[in-house]
Amino acid sequence: MSELTLDKPRSPRRPAARRSNGELYSWLFMRISGVALVVLVLGHLFIMNVLDGGVHRINFGFVAGRWASPFWQFWDLAMLWLAQIHGGNGLRTVINDYARKDATRFWLKVLLYVSMVLIISLGTYVIFTFDPNITD
């Protein structure tokens with residue numbers, strides 16, 4: 001009986017990573033944030049497009065009135081943060097799966113994280129500093 005041997009894998013093996021729960025927490029966050037985003041986004045679409053006459057009423061005054069309430073500020077802030085972090089986490093996973101070189105993976109993640117921080121920071125700044133009394 002001949003001995004069965006397997007060829008070496010074609011893709012280089014990465015060194016075994018330290019065991020941590022980071023990917024477990026990332027997986028769990030994606031599920032929880034996905035459910036929360038469905039509720040937030042569908043609520044947003046229903047309120048903005050269906051109630052009280054539809055999309056034609058949305059203008060600067062509508063946004064000013066809406067963001068005068070801390071409830072709506074929190075709603076929009078939660079949508080911004082969850083959507084950005086959820087999408088960034090998904091893109092991080094794609095980068096880890098498809099970027100072959102460590103340097104490429106590193107720079108793609110740097111671009112991703114910088115863009116996430118900029119968008120979250122700018123969006124948060126706009127929500128909390130929005131001034132409905134702008135004068136020309």
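Guide: Let us begin with what counts as a helix here: helices are DSSP runs of at least four residues, labelled H or I and numbered from the N terminus. By that reading, Ser26 lies in helix α1. Please keep in mind that this is a predicted model.

Visitor: How many helices and strands does the secondary structure of the protein chain come to?

Guide: The general idea is to count the elements and then read their order along the chain. In this case the count is 4 helices and 0 strands, and from the N terminus on the elements run α-α-α-α. Among contacts between residues at least 6 apart in sequence, 69% join residues at least 24 apart.

Visitor: Which residues does the UniProt annotation "transmembrane region" cover?

Guide: An annotation is taken from a record, and it may be inferred rather than shown by experiment, so it should be set beside the model with some care. The unreviewed UniProt entry places this annotation on residues 24–47, 67–85 and 106–128. In the model, residues 24–47 are 100% helix and 0% strand, with their end C-alpha atoms 35 Å apart, while residues 106–128 are likewise 100% helix and 0% strand, with end C-alpha atoms 33 Å apart.

Visitor: Does a residue's accessibility follow a fixed scale, and at 12% relative accessibility, does Ser26 count as buried or exposed?

Guide: A residue is called buried under 20% relative accessible area, exposed over 50%, and partly exposed in between. Ser26, at 12%, therefore counts as buried, and, leaving aside its neighbours within four places in sequence, Ser26 is in contact with Asn89 and Arg92. Leu24, which is also found in helix α1 (residues 22–49), has 47% relative accessibility and so counts as partly exposed. Leu24 belongs to a nonpolar patch on the surface, formed together with Tyr25, Trp27, Leu28 and Ile32, and the patch has about 560 Å² of accessible area. For the chain as a whole, 25% of the 136 residues count as buried, and of the roughly described total of about 10,900 Å² that the chain exposes, carbon and sulfur atoms supply 67%.

Visitor: How many salt bridges does the structure hold?

Guide: The useful habit is to ask where the two partners sit as well as how far apart their atoms are. The structure holds 3 salt bridges. In one of them, Arg92 pairs with Glu23, the closest N and O atoms being 3.0 Å apart; this pair links distant parts of the chain, with Arg92 in helix α3 and Glu23 in helix α1, 69 residues apart. Arg92 is buried, because its relative accessible area is 12%. Another salt bridge joins the side chains of Arg66 and Asp76 at 3.4 Å, N to O, with Arg66 in helix α2 and Asp76 in helix α3, 10 residues apart, and both of these residues are buried.

Visitor: Why are Arg105 and Asp102 separated by about one helical turn?

Guide: They are 3 residues apart in helix α4 (residues 102–129), and so about one helical turn lies between them. Their side chains meet in a salt bridge at 2.6 Å, N to O. The two partners fall into opposite classes, since Arg105 is buried with a relative accessible area of 8%, whereas Asp102 is exposed at 59%.

Visitor: How many aromatic pairs does the structure hold?

Guide: With rings, one reads the distance between centres together with the angle between planes. The structure holds 6 aromatic pairs. One of them joins Phe60 and Phe130, whose ring centres are 5.3 Å apart and whose planes stand at 45°, so the pair is tilted. Phe60 lies in helix α2 and Phe130 in the segment after α4, 70 residues apart. Both residues are partly exposed, Phe60 at 43% relative accessibility and Phe130 at 25%. Trp72 and Trp75 also form a tilted pair, at 5.5 Å centre to centre and 55° between the planes; both lie in helix α3, about one turn apart, and both are buried.

Visitor: Which residues do ring pairs link into a cluster?

Guide: The cluster consists of Phe60, Trp67 and Phe130. Trp67 lies in the loop between α2 (60–66) and α3 (70–98) and counts as buried at 16% relative accessibility. Its C-alpha atom is 7.7 Å from that of Phe130, although the two residues are 63 apart along the chain. Beyond its neighbours within four places in sequence, Trp67 is in contact with Trp72, Gln73, Asp76, Val126, Ile127 and Phe130.

Definitions and conventions. Residues numbered from 1 in each chain as written. Predicted model: local features only at pLDDT ≥ 70, side-chain atom pairs only at ≥ 80, totals over all residues. Heavy atoms only, no water. Patch = residues over 30% accessible without salt bridge, like charges linked within 9 Å, V, L, I, M, F, W, Y side chains within 5 Å. Areas by Shrake-Rupley, 256 points an atom, 1.4 Å probe, with all protein chains shown as cover. Salt bridge = Lys/Arg side-chain N within 4 Å of Asp/Glu carboxyl O. Helix = DSSP H or I, 4+ residues; strand = E, 2+ residues; numbered from the N terminus. Buried < 20%, exposed > 50% of the residue type's maximum accessible area, 1.4 Å probe, protein only. Contact = heavy atoms within 4.5 Å. Phe/Tyr/Trp six-rings, centres within 6.5 Å; stacked < 30°, edge-to-face > 60°.
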